[in-house]
Amino acid sequence: MKVHGDRPPELQPQADTMATDRPLRVATYNTSLYEDAAGGLVRRLEHGDPEARNIAAVLQRVRPDLVLLNEFDHDPAQRAADLFQREYLEVAQAGGGEPLHYRYRYLAPVNTGVPSGLDLDRDGVARDSRAADADRAHGNDAWGYGLHPGQYGMLVLSRYPIDGEAVRTFQRLRWSALPGARQPRDPGTGQAWYRPQVWSQLRLSSKSHWDVPVHTPLGTVHLLASHPTPPVFDGPEDRNGARNFDEIRLWPEYLSADPAAGDASDWLCDDQGRCGGLAPQARFVIAGDLNADPHDGDGAPGAIAQLLQHPRVDARVVPRSAGAVERARQRDLPRDGDIASHTGDFGPGGGTLRLDYVLPSQGFAVRDAGVFWPADGTAEASIAGASDHYLVWIDLADPAE
């Protein structure tokens with residue numbers, strides 16, 4: 001079961017019956033709640049995990065109405081999600097706030113760790129990531145890098161009803177189906193890096209792309225959730241950089257393809273066989289660790305600009321924090337962008353970058369936004385370092401309010 005709620009869909013309240021005296025707070029958070037062994041996250045959570053307690057404390061402090069958690073290992077029985085909800089979010093955590101209850105959730109399989117049966121890294125062997133001796137080489141031959149199916153998964157938590165029947169997933173969409181796909185090439189020969197029989201089957205999404213409609217006090221809001229591959233861990237062919245660029249590009253294509261006009265009906269088809277993009281009048285929020293900084297880092301130039309400059313996206317309000325400024329100055333690495341907008345710290349070599357985004361559609365009033373990255377020495381700083389990413393949030397309201 002993918003959608004979880006306290007009541008069956010026919011008994012869930014509709015958006016027009018809800019009332020709220022505050023904006024809709026939407027967030028994304030790469031939680032780093034993953035393990036290399038299948039079932040490892042469940043075992044961690046069963047025994048009281050300090051990092052998970054700090055992650056829960058941050059969520060209790062920020063209290064988003066709708067949040068995407070990246071890097072939360074998926075298990076089909078939803079055991080990890082149940083444990084995190086019951087034993088962590090619904091228990092007051094040190095440094096956190098009041099217990100936090102989400103009545104609705106969405107989770108589904110992802111490509112990470114799912115064996116492709118193909119030699120994707122061209123080392124001469126098609127390895128199975130489920131093997132007992134699995135190592136990185138095994139993970140490289142999964143549809144998305146991972147050492148077991150579901151590693152680095154995604155989880156959506158919501159205070160408001162999720163329309164499970166209308167959810168769309170693009171886990172199995174083939175990369176080669178994307179018009180003008182950035183097919184990686186060997187820089188020495190100019191030839192395609194993937195063999196034709198591999199390229200024709202390779203999936204675009206390293207995890208998945210989800211369109212999750214949520215019935216909120218502002219009407220139906222489509223949470224467009226994803227976690228593109230980092231544009232590193234490859235070679236001179238830059239296959240991960242090209243994939244990151246095109247994983248991000250799927251959302252602009254989805255926003256620009258009018259289903260009523262039949263646009264993209266020949267290739268933009270979800271896992272359920274429904275084709276076309278998002279209706280022009282639909283409200284949405286793009287959320288996730290997109291692994292692309294507007295100015296710095298290793299991503300392909302222009303990758304995130306595809307979203308930031310899209311006419312349906314309102315990217316004018318940029319979440320910022322004092323902690324990012326402080327850490328960037330400590331790292332002392334060259335940066336062209338706004339260091340206050342950075343959302344993660346990737347060590348002395350990687351430094352700070354803006355990789356995590358909550359981007360609303362045009363037509364909302366943005367009341368506030370931020371990154372929960374407190375400055376060192378503050379009381380909040382003790383709970384904020386459980387992940388190398390920091391929670392990003394934005395408050396939305398109707399323009400007339």
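Rings of Phe, Tyr and Trp, the last by its six-membered ring, pair if their centres lie within 6.5 Å. With that rule in hand, the tour of this predicted model can start at an aromatic group.

**Stop 1: the aromatic cluster**

Select Trp175, Trp193, Tyr194 and Trp199, which form one aromatic cluster. Then narrow the selection to Trp193 and Tyr194. How is this pair arranged? The arrangement is edge-to-face, with 5.1 Å centre to centre and 90° between the planes. Trp193 has a relative accessibility of 8% and counts as buried. Tyr194, at 7%, is buried as well. Across the structure, the count of aromatic pairs comes to 12.

**Stop 2: Asp119**

Select Asp119, in the loop between strand 4 and helix 4 (136-140). Show everything in contact with Asp119, leaving aside neighbours within four places in sequence: Gly124, Val125, Ala126, Asp141 and Arg195 should appear. Why does Asp119 have no salt bridge with Arg195? The nearest side chain of opposite charge, Arg195, is 4.2 Å away, and a salt bridge needs the nitrogen and the carboxyl oxygen within 4 Å, so the pair does not qualify. Asp119 is nevertheless buried.

Next, show the backbone nitrogens around this side chain. That of Gly124 is reached by the side chain of Asp119 at 2.8 Å. The backbone nitrogen of Asp123 lies 3.2 Å from a polar side-chain atom of Asp119.

**Stop 3: strand 5**

Select residues 154-158, which make up strand 5. Buried or exposed? Of its 5 residues, 5 are buried. In a regular strand the side chains alternate between the two faces of the sheet. Colour the two faces separately: Met154, Val156 and Ser158 are on one side, Leu155 and Leu157 on the other, and both sides are covered.

Now add the strands that pair with strand 5. Strand 3 (residues 66-72) runs antiparallel to strand 5 and is joined to it by 5 bridges. To find one of them, pick Leu68, whose bridge partner in strand 5 is Val156. Strand 4 (residues 104-106) also pairs with strand 5 in the antiparallel sense, over 3 bridges. Here, pick Tyr104, which has Ser158 as its bridge partner in strand 5.

**Stop 4: salt bridges**

Side chains of opposite charge can pair when their charged atoms come close. How many salt bridges does the structure hold? There are 21, and the selections below visit some of them.

Begin with Asp398 and Arg283, whose side chains meet in a salt bridge at 2.9 Å, N to O. This pair links distant parts of the chain, 115 residues apart: Asp398 is in the segment after strand 14 (392-397), and Arg283 is in strand 9 (residues 283-289). Asp398 is partly exposed at 24% relative accessible area, whereas Arg283 is buried at 19%.

Extend the selection to Arg327, Arg331, Asp345 and Asp376, which are joined into one network by salt bridges that share partners.

Move on to Arg44 and Glu35, where the closest N and O atoms of the salt bridge are 3.0 Å apart. Arg44 is buried, with 19% relative accessible area, and Glu35 is partly exposed at 28%.

Finish at Arg86 and Glu87, whose side chains form a salt bridge of 3.0 Å, N to O. Both ends of this bridge are partly exposed: Glu87 at 34% relative accessibility and Arg86 at 38%.

Note on methods: Residues are numbered from 1 along each chain as its sequence is written. This is a predicted model: local features need pLDDT of at least 70, side-chain atom pairs count only at pLDDT 80 or more; totals for chains, interfaces and linings use all residues. Side-chain values use heavy atoms; hydrogens and water are left out. Buried means under 20% relative accessible area, exposed over 50%, partly exposed in between (1.4 Å probe, protein chains only). Helices (H or I, at least four residues) and strands (E, at least two) are DSSP runs, numbered from the N terminus. Two strands pair if DSSP finds at least two bridges between them. Lys and Arg count as positive and Asp and Glu as negative; His and the chain ends are not counted. A polar contact is a pair of N or O atoms within 3.5 Å; within protein, one must be able to donate a hydrogen and the other to accept it, and residues adjacent in sequence count only if both atoms are side-chain atoms. Contact means heavy atoms within 4.5 Å. Rings of Phe, Tyr and Trp (its six-membered ring) pair if their centres lie within 6.5 Å; planes under 30 degrees apart count as stacked, over 60 as edge-to-face and the rest as tilted.
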